[in-house]
Amino acid sequence: MGAQADAARFGWLRPEVLSIVAGALIAAVAPLDRLDYVARGLTASALADAAPSAQVLLVTASPESLREGLCERSLPGLLERGRARGALLIPPADAFCGGDAASHAAATSATNATRAAGAAPVVRMPPELLRLSAGDVVGFFPLAAGERAPELGALGVSAAPWVLKKAPQSVPAVSLRDLADGQVPASALEGRVAVVAVGAGGVAPQAVATSALPPARGVAAVLGGLLDGGRRASAPAWVPALFVLLAGGLVWIARRRYGSLVATVALFLTVFALAAGQGVLAARAEASLIALPSALFGLAVAFTGVMIVRGLVVQRSVDRAAELIQRAALFRMQGVHTLPDEEFWPRVARLAEQAHPADLVLVAELPAGSWHLRFWNDKQGGESFVAELRRDVRRPPYSSEQGVPAIRLSRRFLTKQDMPAVVVPLIAFGEIEGYVFFCGPVAEQTFSREPERAEHVGRELALLLRRKRLARTAQAGAGEARGGGSPEDDLVEGARVALDDLQLFGSMLRSAPVGLLYADAFGDVRFVAPEFAKWLRARDVTVPAESASAALPPGSLTLGDVLGATSASDAAVSLSSVMASDDGIELSVSAPEPAVLSVRPLRRESDGSSWIAGYVAALIPVQQAAPVSDNVRPLAVRDAADPLCAFQLGDVVADAVASAARATGRAVRLEPIRGATHALGHRGELEQVLEAFLTDVAGRGLPGHGPVVSVREAPQGVQLSILDVGFGLGLPESALQRVLTAPGSAPAGLEPLGRLIVAVEDSHGHAELKTNDGWGITLTVTLLRAHPRAFVSANEGGKPAAQQNVIAIGRAGPK
C-alpha cells in the first residue's frame with residue numbers, strides 16, 4: 001500500500017512534465033540575455049507610432065551654417081520667439097551651438113539664469129545617454145547624478161530602457177537656415193523640444209529629416225515617443241514562465257490525445273500566440289517586453305521533452321519488446337494459426353494418436369467451400385493410405401446413408417482392405433471442420449469397448465481446428481484492411497501472441513501444485529522441470545538433454561509417452577481420459593519413489609466455447625507415515641483455544657518481568673524495548689511459560705546477578721534475549737544444550753526452559769543459547785514478525801505498573 005501511495009504521489013514526475021517545468025524555469029531565468037535585449041529593441045522599433053509628433057522638432061544645420069556661427073547667433077532667439085520647450089544639441093552640433101568645453105561652465109550658469117528667468121534651456125546631449133540595439137536608438141540609460149540631469153529632465157529626457165519611438169516620417173523637421181530667414185515661422189517650435197543636429201545643406205524641405213546625421217534621427221524619434229507616453233520596460237519573470245507552462249501543457253495534451261502532428265500544430269499556434277501577444281501587450285502596457293528568445297528556448301525545451309523524449313522512450317520500449325518477442329520465439333506455444341499446414345496437420349494427427357489407440361491415424365482437412373478432403377498423417381503422406389476416391393463428405397463413409405455425419409466403423413476404406421477404420425467427423429457448432437480416422441484392429445476394439453473416447457477426442461480436435469480457421473480468417477481480414485503488413489503490425493501481432501503465452505503459463509502456475517511439466521495443445525511436451533525429467537529417465541523414457549533448463553522442440557517428447565510410463569502397457573492411461581475430465585486425473589506411481597502424477601488440461605474460453613490450450617502435469621512426492629511403536633509416547637498437544645495471532649511481544653515481556661519480580665522479590669532488569677515488536681504466535685501459551693521461566697531464573701540467581709531482559713526488532717524477526725541464564729540455573733552451557741535438542745524431555749529442574757522452547761517452536765520460532773565469554777549464558781528467542789492491520793492496544797500508559805524491584809534501563813520502550 002505504501003509503495004502504491006508513493007507511486008501515486010510521484011506519478012507526475014514524468015519526463016514530459018519535467019521538461020515542461022524545465023522550460024518554464026529557463027523562461028523565468030532568461031539565460032539568453034544578449035538576444036533578449038536585441039529582441040526587446042526590435043519589438044519597440046517594430047511598434048513605432050506613425051502619428052505626427054507634437055513634442056519634438058528636428059532642426060538641421062549644414063556645416064557651412066554652423067561654421068558661420070548661425071546656430072550660436074540665432075538659436076536662443078528662435079527658441080524664445082517660438083516659445084519652445086528647449087533645445088537638445090546632438091554632437092557634433094553642440095560644438096557650434098553651445099560653445100566649447102572651456103566655456104561650458106559659463107554656459108551652464110547662463111542656462112540656469114535663463115531658466116530662472118523663464119527662458120528655454122539649451123542642453124548638450126552626452127553620448128553615454130543613448131541605449132542602442134542593432135545600431136539604432138531604442139531608449140535612454142539612467143541619468144547620472146550630475147549637473148546635466150536636471151537640464152535633461154527639463155526637456156523630458158528620463159531613464160527608459162525601451163521606448164515605442166515615433167516613425168522617422170512622423171517627426172517634423174526644418175532647416176535652421178529656413179527658421180533664421182523667416183521662411184518657416186518660429187511658431188513651429190511652440191511647445192516642442194528642438195533636436196538640433198548636423199545635416200546636409202541644399203536639400204529639399206521634404207528631405208531635411210533624412211539629411212540629418214545619425215544618431216539625430218533616432219534621438220528625435222525616441223524622444224518623441226517618450227514624451228508621448230511610449231516608455232516600456234521588461235515584463236515580470238513569471239509572465240514568460242507561465243506562458244511556457246500553459247503552452248507546454250497544451251502540446252502535451254495534444255500529443256497524448258491526437259498524436260505528434262496535432263502537437264506540432266499546437267506548438268506553432270503557441271509561438272504565433274506568443275509573438276502576437278507580445279505585440280498587443282507592448283502596445284498597451286509599460287512593463288510588457290518579454291524575454292522572447294529565452295521564452296522560445298524554454299518552449300523548445302518543453303516541446304523536445306514532450307515529443308523527442310517520449311519518442312525515445314517509446315522507441316526503446318518497442319526495441320525491447322521486439323527483442324523479447326524474438327527471444328521468446330523458441331518458447332512460443334499457442335500460435336496455432338501461425339503454423340503452416342505442413343506442420344499443423346501432422347501435429348493434429350500426432351495428438352489424435354496419443355488420445356485414441358490405433359495402428360494408424362489419419363486426419364482429413366476440409367478446405368473452405370469444398371466437399372473433398374485432403375488427408376494427412378504424422379510420419380508420411382496420408383493420401384497413399386486411402387482407397388476411397390470420391391472423398392465427398394456428403395456420402396458414406398464420411399456420412400450415413402441419410403447424409404448425416406456421425407461416428408461409425410468403416411471397412412474397405414483404406415488400401416489395406418482388411419484394416420477397419422473408425423471415422424470420426426470433427427464438428428464444432430454444427431459445422432464440419434475435418435475428419436480423423438483411427439485405423440486398425442486396436443482402434444476397432446477400443447471403439448467397441450469405449451465409444452465415448454472417440455467422441456471426446458473428436459470434440460476437442462474440432463474446437464482446435466475451428467480456432468485455427470477463425471484466427472486465420474481474422475488475420476486475413478485485418479491484412480486486407482491494412483492494405484499490407486508493416487513492422488508495427490508484426491510487432492503488435494507478436495506482442496499479442498506473447499501475451500497469450502504469458503496468460504497460459506499463468507494458468508499453468510496457478511493450476512499445478514508442485515514441479516511442472518507442460519505440453520501444448522498438440523500434446524507435445526514443451527517444458528519439463530529437472531526433477532520431472534529425472535523421474536522420466538528413471539522410467540526409461542528418453543528425454544532430451546537440454547530439457548532440464550530449456551524448452552523442448554515439438555515432437556521430441558509427448559504427453560502420451562509420459563502417461564505410458566506410469567504403469568504396464570496393458571493398463572496404460574490414455575490421453576483421452578485427460579481430455580474428458582476438466583479436473584484432470586491423478587495416478588499413483590511407486591518407483592523409483594512413491595508419488596502421485598497429476599495431469600490436467602488447461603482450457604481457454606471465448607465466445608461461449610472452451611477448448612484445451614495445453615496440458616500441465618505435476619509429480620507430487622508421497623511421504624509414508626512410519627508406524628508408531630507402543631513404547632513411544634507423543635508429547636502433549638497445545639490447547640486449541642489459544643489460536644495463532646499477532647501481538648506485541650514487548651507487552652508480554654513487560655508483564656512477565658513485573659510478575660517475576662513480584663513473585664521473587666529480586667531485581668529483574670528490563671532494557672528499553674526497541675521497535676513495535678509485533679510478533680506472530682500463541683500469546684496465551686507464551687505468556688504462561690515466559691512468566692514461569694523468568695520466575696524460576698530470578699529465584700535461583702545469585703544476589704546482584706538477576707536476569708537482564710531485552711526485546712528488539714531484528715532482520716530475522718522479533719528477538720527476546722535473556723542474559724545470565726546460566727547463573728540463574730546454575731548449569732553450564734553444555735548441560736543446557738540438551739534442552740534445545742529435546743525440550744519435551746528436559747532434565748529435572750529445567751522443565752520451565754523446556755516448556756518455553758516448546759512454546760516458541762509451536763509459534764514457528766526458534767531458540768538458541770550462547771556463551772558470553774564468562775559473562776553468563778544468553779537465551780535468544782526469535783519469533784516471526786507480524787504486520788497487523790488493526791492497532792494492537794497497549795497497557796495504559798504504554799507500560800505496566802512500576803515495581804520497586806523492576807529496573808528499567810535507559811528510556812522507556814515505545815508505546
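Phe429 lies in the loop between strand 14 and strand 15 (431–439), and in this predicted model its phi is near 55°, a positive value in a residue other than glycine. Phe429 is also exposed, with a relative accessible area of 53%. A comparable description applies to Arg412, whose phi is near 60°, again a positive value in a residue other than glycine. Arg412 is placed in the loop between strand 13 and strand 14 (421–428), and with a relative accessible area of 67% it counts as exposed.

Two peptide bonds in loops also deserve attention. Pro91 and Pro92 are joined by a cis peptide bond with omega of about 5°, and Pro92 belongs to the loop between strand 2 (86–89) and helix 6 (94–97). The bond from Pro396 to Pro397 is likewise cis, with omega near 5°, and Pro397 is found in the loop between strand 12 (374–376) and strand 13 (408–410).

From the loops the reader may turn to the strands and their aromatic residues. Phe375 and Phe437 form a tilted aromatic pair, with 5.5 Å from centre to centre and 40° between the planes. Because Phe375 lies in strand 12 and Phe437 in strand 15, this pair ties together parts that are 62 residues apart in sequence. Both Phe375 and Phe437 are buried, and ring pairs link these two residues with Tyr398, Phe413 and Tyr435 into a cluster. Phe437 can also be placed relative to Leu360, a residue of strand 11 (residues 360–365): the C-alpha atoms of Leu360 and Phe437 are separated by 8.1 Å, although the two residues are 77 apart along the chain. Leu360 has a relative accessibility of 14%, and therefore counts as buried.

Helix 15 (residues 341–355) offers a second centre for the description. Its 15 residues reach 21 Å from the first C-alpha to the last, close to the 21 Å expected at 1.5 Å a residue. Twelve of the 15 residues are buried, so helix 15 is largely enclosed by the rest of the structure; among the buried residues are Val348, Ala349, Leu351 and Ala352, but also the charged residues Asp341, Arg347 and Arg350.

Across the structure the count comes to eleven aromatic pairs. One of them, formed by Phe344 and Trp345, is edge-to-face, with 5.2 Å from centre to centre and 85° between the planes. Phe344 and Trp345 are both buried. The ring of Phe344 has a further partner in Lys468, which lies over its face at 5.0 Å from the ring centre. Lys468 in turn forms a salt bridge with Asp341, the closest N and O atoms being 3.7 Å apart. Since Asp341 lies in helix 15 and Lys468 in helix 17 (residues 451–482), the salt bridge ties together parts that are 127 residues apart in sequence. Asp341 and Lys468 are both buried.

A salt bridge also forms within helix 15, between Glu343 and Arg347, with the closest N and O atoms 3.9 Å apart. These two residues are four apart in helix 15, and so are separated by about one helical turn. Their surroundings can be set side by side: Glu343 is partly exposed, with a relative accessible area of 33%, whereas Arg347, at 6% relative accessibility, counts as buried. Glu343 and Arg347 belong to a network of salt bridges that also links Arg350, Asp520, Asp524 and Arg526.

In total the model has 20 salt bridges. Another of them joins Glu68 and Arg177, whose closest N and O atoms are 3.2 Å apart. This pair links distant parts of the chain, with Glu68 in the loop between helix 4 (63–67) and helix 5 (70–81), and Arg177 in helix 9 (residues 176–181), 109 residues apart. Glu68 is partly exposed at 48% relative accessibility, and Arg177 is also partly exposed, with a relative accessible area of 31%. Elsewhere, a charge meets an aromatic ring where the charged end of Arg131 sits over the ring of Trp162, 5.4 Å from its centre.

The surface, finally, carries a nonpolar patch formed by Tyr258, Leu261, Val262, Val265 and Leu269, which together have about 530 Å² of accessible area. Helix 13 (residues 260–284) gives the most to this patch, with four residues. Leu269 lies in helix 13 and is exposed, with a relative accessible area of 55%.

Terms used
Residues numbered from 1 in each chain as written. Predicted model: local features only at pLDDT ≥ 70, side-chain atom pairs only at ≥ 80, totals over all residues. Heavy atoms only, no water. Patch = residues over 30% accessible without salt bridge, like charges linked within 9 Å, V, L, I, M, F, W, Y side chains within 5 Å. Areas by Shrake-Rupley, 256 points an atom, 1.4 Å probe, with all protein chains shown as cover. Salt bridge = Lys/Arg side-chain N within 4 Å of Asp/Glu carboxyl O. Buried < 20%, exposed > 50% of the residue type's maximum accessible area, 1.4 Å probe, protein only. Expected span 1.5 Å × (residues − 1). Phe/Tyr/Trp six-rings, centres within 6.5 Å; stacked < 30°, edge-to-face > 60°. Lys NZ or Arg CZ within 6 Å of the ring centre and 35° of its normal.
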